[in-house]
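Colleague: I am new to this structure and would like a close look at one part of it. Please explain each term as it comes up, and then set that part in its surroundings.

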Amino acid sequence: MRLIDCEVFQEVRVVGFDAGCRSKERLLQLGIIPGAILKIKRLAPFSGPLIVSIEGSDVVLGRGIAKKIIVEKV
Amino acid sequence: MKLALIGQPNCGKSTIFNQLAGYKSISANFPGATVSYTIGKFYFQNKSIELVDLPGTYSLSWYDDAEKESVKALSSMDFDCIINVLDASTITRGLELTLELISLNKPMVVALNMMDEAKKKGIDIDIAKLEDSIGVKVVPVIAKQAKGIKDLINAALKASPPIKKCIYSKRIESLIQNLEQCLENQAGNLILPPKLIAIKSIEGFSACEEIVSWYPKCQNLLEATRVLLNNGVEITKERHALCLEIFEYSAKVKDSQGLPLSEKIDEILLHPIWGYVSLFLIFIAIFFIVFKGGSPFESLIDKFFSFTEDYLSKNIHNAFLLSIIKGTVDGIGAAIGIALPYLVPFFVILSVLEDSGYLSRIAFLMDSLMHKIGVHGTSVIPFIMGYGCSVPAVMATRIIKGKREKFISAFLATLVPCAAKTTVIMGLVAFFIGPIYAILLYLLNLIVIGIAGVILKKFLPGINPEILFDIPPYRTPTIKTTIVKTWYRIKDFVYVAIPLLVSGSIVLALIDYFNFAKYVNFVFMPFMELLGLPISVGIVLIFGIFKKELTLLMLAQALGLNSIAMVSQVLTVEQIFVFTIFVMFYIPCLATISTLYREIRLKGTIIITLSSVLIATILAFITHSLFLIV
């Protein structure tokens, strides 16, 4: 499952990233690393970005990035 | 004694810096407010201490130019102690950088900032346990209230290198050590400590990989190590697990009751409908305050200066001396009378926007719209700063990843009318034709920026990295910071503007006296004809390259008028519009050009400079033609 396919407020665990994910380094720095648990908090309209909550902080990421994050249900 | 402040973005480094070294570093509530390092000096217990505020970085592998600046400074300057600022409310993530800093093996202390916010979030940190698990002295501080700052400096002066050097598991640690030793044997002087290069190259950080690739022996070792450690993911995972462990050992989390206030505010301000309604209302309010807030002062100051001028022209009879003295008075009058009434409310609002945390939320809301013009939401920050001054706006593009996007952002940010250009718009269009037309010019400006963005997006190849940043919590801007920040920005403006305005006036008076203007104007004659402006305006536009307010002031002088208030006697409504529109877009001032050169190099700077003149000419010509038709 991809992060983009998740429901809002559904808790998921990060499994890995797609090979073509160029933002991987920053994702890792922001705490979105394999094994971490996160949930989508909010989606911007007009196919805008989403806010995910991870370990007490909120991270904004584009939908294209969310497509490349592989997650599983907790 | 030289101390460094380093920490993740938006953890309060600049706030600590400003508490110690006076207000020098711009602090704000969004990640990436500090984009270059600031050096400050202060005395502590009769010792002179140099403090360096470094841009925030999530880790020692940089991602954007601001972070690169930090890591470079950290390795090139010889610091006696590193002060690692850690946001207690997001401590798990912050510890990642702490663990990396520990591997530098330099004297270090941790400043655990925002203890109050952590408490609000229900996080209770046991300082002794935290110290015990990382082997570094920890000092709790609340930088905003200047609590714990003295203890922090005391600790920094006595600091020693971290006690615990081995933080990874034995297997990983020995693999790192092998590579570290290889680098030590093969290479002489490296720009970063070999251990750091070893860790970062295994994790796949390209800049460090490149260093290793210079030494074939180490390169082979690196490749083998990366296979063993699953391309370095194991290091990342282990460090993260360690951070969680430290957190669980040293902190207790109480369940906070109910929805926190910031969530409730976000529920409205980030709502798919109400979010945009609020954004619109907030901007209307800002416009209203900036346009109306200062006008009572403006007329008062204006009266004072026209009285002074009258007095001078009656009492000084030497024409040459009079024009110089009047130029001086005019220069000061333009800076104080026209600029300040709009700048003060604007800078107060800008400061509140920055410190409240709303700026980042605008970035979230505007992201999809901004994609249409080839940038993403983060570029909202340089754009909004552009209304103040183009120089910090262009510098703010450092937080933007990707060359293409950075170029587009810098290009569009220079088209935003800065405070100086606002002076011209206010002094001419708003004053002679009406405030509503000034607002229309701002709308025209937005449309032009939009069109320019669409064109740039089309003609520049490549795709943009997507938006990715952490949203700061809401914070109440303190009155003190707001006042101090506004004061410093105003001071900068006045200090730079007045000498330039005054010397500009004097130069113009000299040119006038020696009848030199006609040669300059002769060169510009065809251009002025094209735009339907008086020939004598040509020289004014040259001065605008130094500082945009000069154009307003010089205009009166070049037209042979006694004061700016008389411009409408010589220029028609059409000419005022054409002139203002031209000034609004043409050539960035020298300070901006040099900043552009620093940020996006020569080619980009030339393109932006030439395009701005082209855009200005086209728009001014269209305006001129429209008036001819109507």
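Modeller: UniProt positions are given here in the numbering used for this model, with feature names shortened, and such annotations may be inferred rather than shown by experiment. The model is predicted: local features need pLDDT of at least 70 and side-chain atom pairs count only at pLDDT 80 or more, while totals for chains, interfaces and linings use all residues. Residues are numbered from 1 along each chain as its sequence is written, chains are lettered from A and ligands numbered from 1 in the order in which they are written, and side-chain values use heavy atoms, leaving out hydrogens and water.

The part I have chosen is the sheet that joins the two chains. In it, 6 strands lie in the order 5(A)-1(A)-2(A)-3(A)-4(A)-9(B), and the sheet is open, with antiparallel pairing. Strands here are DSSP runs of E with at least two residues, helices are runs of H or I with at least four, and both are numbered from the N terminus. Two strands pair if DSSP finds at least two bridges between them. Strand 5 (69-73) of chain A and strand 9 (468-471) of chain B are the edge strands, each pairing on one side only. From one strand to the next the twist averages 40°; such angles run from 0 to 180 degrees between N-to-C directions, along lines fitted to C-alpha atoms. Inside the sheet, strand 2 (residues 37-43) and strand 3 (residues 50-54) of chain A run antiparallel and are joined by 5 bridges. Lys39(A) faces Ser53(A) of strand 3 across this pairing.

Chain A has 2 helices and 5 strands, arranged along the sequence as β-α-β-β-β-α-β. Its C-alpha trace spans about 25 × 25 × 20 Å along the principal axes. Its radius of gyration, 11 Å, agrees with a compact globule of 74 residues, for which a value near 11 Å would be expected; the radius is taken over C-alpha atoms, and the globule rule is 2.2 Å times the number of residues to the power 0.38. Of those 74 residues, 58% are buried, where buried means under 20% relative accessible area, exposed over 50%, and partly exposed in between (1.4 Å probe, protein chains only). Chain A exposes about 3100 Å², of which carbon and sulfur atoms supply 50%; these areas come from the Shrake-Rupley method with a 1.4 Å probe.

The chains also meet elsewhere. Ser368(B) sits in helix 16 (residues 358-371) of chain B. Apart from neighbours within four places in sequence, Ser368(B) is in contact (heavy atoms within 4.5 Å) with Pro45(A), Phe46(A), Ser47(A) and Gly48(A). Ser368(B) counts as buried because its relative accessibility is 9%.

Chain B itself has 28 helices and 9 strands, and its C-alpha trace spans about 85 × 55 × 50 Å. Its radius of gyration, 28 Å, agrees with the value near 25 Å for a compact globule of 630 residues. Residues 1-162 of chain B are listed by UniProt, in an unreviewed entry, as "domain: FeoB-type G". Over that stretch the chain is 35% helix and 25% strand, with the end C-alpha atoms 19 Å apart. An unreviewed UniProt entry also lists Gly22(B) as "binding site". Gly22(B) lies in the loop between helix 1 (13-21) and strand 2 (38-44) of chain B, and counts as partly exposed because its relative accessibility is 32%.
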